[in-house]
Amino acid sequence: MAAIPNSSFSAKILDYKFLKKWGSSGSGDGQFNQPHSIAFDRFGNVYVSDTNNHRIQKFSADGKFITKWGSNGSEDGQFSYPEGLDIDSVGNVYVADTGNSRIEKFSADGKFITKWGSRGLGDGQFSRHVHGITIDTSDNIYATDRFHHNIQKFSADGKFITKWGSEGSGDGQFNQPHSCVINSLGNVYVSDTNNHRIQKFSADGKFITKWGSEGTGNEQFTPLGIGIDSSDNIYLVDQRKSSVERYTSDGVFIESLIPQAQEDKGLSSLEDLELDQNDNIYVTDRGEHNIKIFAHVK
């Protein structure tokens with residue numbers, strides 16, 4: 001079992017095993033240049049933001065290439081380093097077009113529908129790093145803005161609803177937040193990367209609780225991507241330990257998945273993760289330019 005030297009970190013590998021991976025470095029169909037985020041539609045298809053290829057790729061659940069769209073630019077349907085993405089209840093795809101400081105909305109096959117956002121500090125505006133996207137059961141959109149240190153909430157057609165957060169380390173403040181997810185009760189969990197913690201909020205941004213600190217022990221992390229399973233357990237990518245960690249909805253440590261201890265050779269530069277309807281974990285590895293899948297063992 002893998003361990004982190006000179007730390008109190010306890011790596012328990014309980015419920016997951018390495019299943020498969022797909023992708024390689026390049027610009028062809030099914031290849032990636034620093035893939036960032038993953039989302040699933042109701043049919044189990046997988047959408048990946050292929051950041052440095054400035055496009056979205058769509059695959060079947062087992063990794064067969066289906067289609068792609070996007071190119072480098074600022075016109076409708078183009079991207080500048082797309083990162084976060086998610087899918088609403090009818091299959092529309094929302095993409096954080098990071099370098100263009102906007103969100104774009106597409107049909108399931110990549111047809112442009114609408115966009116909103118621009119560079120600035122006002123409501124509905126973003127820094128040069130609008131980052132994570134997540135969608136609630138009412139199809140409201142939540143976007144994390146790393147350099148404005150806040151979360152903004154929009155309707156499905158881009159109407160601004162509310163926002164919360166500012167730069168700092170107090171409750172409800174952030175230091176370059178990465179991503180957010182929503183549980184079955186509508187609570188919002190945010191990976192507050194440079195504050196080394198997860199924060200939990202109500203749907204309208206009221207602070208509930210937090211956990212985490214800097215280090216390499218249990219409940220210590222530098223969180224990037226964040227995910228949630230069918231039991232509302234929280235999963236996070238820990239940049240420092242190159243691991244995926246699982247916590248209860250209230251922040252109690254459950255286990256860590258250390259890929260080096262499995263059949264795979266490990267993760268090079270992991271970024272984000274998503275869980276499918278069977279609680280299998282899909283992880284983007286920006287360093288190895290691929291997607292890795294860890295199967296849930298029931």
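Two strands pair if DSSP finds at least two bridges between them. Keep that in mind as you look through these close-ups, which all come from a predicted model.

**View 1. β11 and β12 form a hairpin.**
Four residues lie between the two strands of this hairpin. In the turn, His149 has a positive phi of about 55 degrees. Strand β11 covers residues 141–145, and five bridges join β11 to β12 in an antiparallel arrangement. To find your place along the pair, look for Tyr142, which stands opposite Lys153 in β12.

**View 2. β12 also makes a hairpin with β13.**
Here the strands have five residues between them, and Gly158 takes a positive phi near 95 degrees. Strand β13 spans residues 160–164, runs antiparallel to β12 and is joined to β12 by four bridges. One pair to pick out is Ile151 with its bridge partner in β13, Trp164.

**View 3. Strand β12 is mostly covered.**
How many of the five residues of β12 (150–154) are buried? Five of the five are. Turn your attention to the two faces of the strand: Asn150, Gln152 and Phe154 are buried on one side, and Ile151 and Lys153 are buried on the other.

**View 4. β2, β3, β4 and β5 form an open sheet in that order.**
The pairing in this four-stranded sheet is antiparallel. Because β2 (35–40) and β5 (65–69) each have a single partner strand, one side of each is left without a neighbour in the sheet. From one strand to the next, the twist averages 20 degrees. Between β2 and β3 (residues 46–50) there are four bridges, and Ile38 has Val48 of β3 as its bridge partner.

**View 5. β18, β19, β20 and β21 form another open sheet, again in that order.**
Antiparallel pairing holds these four strands in sequence across the sheet. Which strands stand at the edges? They are β18 (223–228) and β21 (253–257), each with a single partner strand, so one side of each has no neighbour in the sheet. The twist in this sheet averages 25 degrees from one strand to the next. β19 pairs with β20 (residues 243–247) over five bridges, and the bridge partner of Ile234 in β20 is Tyr247.

**View 6. The largest nonpolar core has 13 residues.**
Those that touch the most other members are Tyr16, Tyr235, Val244, Leu273, Ile281, Val283 and Phe294. Strands β1 (16–22), β19 (234–238), β22 (270–275) and β23 (281–285) each supply at least two residues. β22 gives the most, with three. In soluble globular proteins, nonpolar side chains tend to be buried together.

**View 7. The largest pocket holds about 1,200 Å³ of space.**
This pocket is lined by 48 residues, and the closest to its centre are Phe40, Asp86, Ile87, Glu274 and Leu275. Elements giving two or more residues to the lining include β6 (82–87), β10 (130–135), β14 (177–182) and β22. The largest share of the lining, five residues, comes from β2.

**View 8. His196 lies in the loop between β15 (188–192) and β16 (197–201).**
Is His196 buried or exposed? His196 counts as buried because its relative accessibility is 13%, and buried means under 20%. Setting aside residues up to four places away in sequence, His196 touches Gly212, Ser213, Glu214, Phe221, Thr222 and Pro223.

Methods:
Residues are numbered from 1 along each chain as its sequence is written. This is a predicted model: local features need pLDDT of at least 70, side-chain atom pairs count only at pLDDT 80 or more; totals for chains, interfaces and linings use all residues. Side-chain values use heavy atoms; hydrogens and water are left out. A nonpolar core is a set of buried Ala, Val, Leu, Ile, Met, Phe, Trp, Tyr and Cys residues joined through side-chain atoms within 4.5 Å. Buried means under 20% relative accessible area, exposed over 50%, partly exposed in between (1.4 Å probe, protein chains only). Axes are lines fitted to C-alpha atoms, for helices over the stretch in contact, and angles run from 0 to 180 degrees between N-to-C directions. Contact means heavy atoms within 4.5 Å. On a 1 Å grid over the protein atoms alone, a cavity is a set of points where a 1.4 Å probe fits but cannot get out, and a pocket is an open set with protein on both sides within 12 Å along at least five of seven lines; lining residues have an atom within 4 Å of a point. Grid points are joined across faces, edges and corners, and a volume is the space filled by probe spheres set on the points.
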